[in-house]
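Please walk through this structure step by step, beginning with the chain as a whole and then turning to one of its parts in detail.

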Amino acid sequence: MRRGVAEKYRDIDFTRARRGAVVKSEPGKTKISIRLDNAVIEFFRVTVDKAGGGNYQTLINDALLEHVHRRSTLDVVRQVVREELASYGAGRTSNARMHRAARSARPHRPAT
C-alpha cells in the first residue's frame, strides 16, 4: 500500500486568523462534555427513532429542563394546604386560643 506524502506548506496568510470555533454556537447554549450511562443514551436514541427522527441530545435537554422546572408534588400540596388554612383561619379563633380564653374566664378554685 502506497503511503501518501504530506503536502508541503503553501503560502497561507494567517494574519487575520482567530482562535475558536468556526461555527458560532446558539445563544443561551453551552457546549460541554458529559458522561451518561449507556442505558440513558440508548433510551433517548430509541425514543427518537420511534418518533420518526430527531436529535436525542435535544430530547435529553428537554427532559432536564422539565425536571428543573417541575415542582415536586409535596411542594404543591404544602402550598395548597397553607392557602386553605390561611383562608379558613382568617375569621376563626384557633382551638388553643379558645381553650386559654375559657380557662381564664372560669373562677379560680383553690386546691383541697
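The paragraphs that follow take up the overall make-up of the chain, then one helix, and then the side chains on and around that helix.

What is shown here is a predicted model, and it should be read with that in mind. The chain contains four helices and zero strands, so that anyone reading along the sequence meets the pattern α-α-α-α. Of the 112 residues of the chain, 4% count as buried, while the accessible surface of the chain comes to about 12100 Å². Carbon and sulfur atoms account for 54% of that accessible surface.

Helix H1 is a good place to look in detail. H1 is made up of 13 residues, from 38 to 50, and from its first C-alpha to its last it reaches 18 Å, which is close to the 18 Å expected at 1.5 Å a residue. Which residues of H1 are buried? They are Ile41, Phe44 and Val48, and because these residues cover an arc of only 70 degrees around the axis, they are placed on the same side of H1. The other side of H1 carries the exposed residues Asn38, Ala39, Phe43, Asp49 and Lys50. As for what covers the buried residues of H1, helix H2, which runs over residues 56–69, is included in that cover. Beyond the end of H1, the chain goes on to glycine 52, a residue whose phi is positive, near 100 degrees.

Two of the residues already named, one from each side of the helix, come together again when the aromatic rings are considered. A pair of aromatic rings is described by the distance of the centres and the angle of the planes. A search of the whole structure finds one aromatic pair; the rings of phenylalanine 43 and phenylalanine 44 have their centres 5.1 Å apart and their planes at 85 degrees, and therefore this pair is edge-to-face. Phenylalanine 43 has a relative accessible area of 51%, and because residues over 50% are called exposed, it belongs to that class. Phenylalanine 44, in contrast, has a relative accessible area of 14%, and so it falls under the 20% that defines a buried residue.

A further arrangement involves a charged side chain and a ring. Arginine 45 lies over the face of tyrosine 56, at 4.7 Å from the ring centre.

Conventions:
Residues are numbered from 1 along each chain as its sequence is written. This is a predicted model: local features need pLDDT of at least 70, side-chain atom pairs count only at pLDDT 80 or more; totals for chains, interfaces and linings use all residues. Side-chain values use heavy atoms; hydrogens and water are left out. Helices (H or I, at least four residues) and strands (E, at least two) are DSSP runs, numbered from the N terminus. The expected span of a helix is 1.5 Å times one less than its number of residues. Buried means under 20% relative accessible area, exposed over 50%, partly exposed in between (1.4 Å probe, protein chains only). The arc is that of the directions from the helix axis to the C-beta atoms. Contact means heavy atoms within 4.5 Å. Rings of Phe, Tyr and Trp (its six-membered ring) pair if their centres lie within 6.5 Å; planes under 30 degrees apart count as stacked, over 60 as edge-to-face and the rest as tilted. A charge sits over a ring if NZ of Lys or CZ of Arg is within 6 Å of the ring centre and within 35 degrees of the ring normal. Accessible areas come from the Shrake-Rupley method with a 1.4 Å probe; for residues, only the protein chains shown count as cover.
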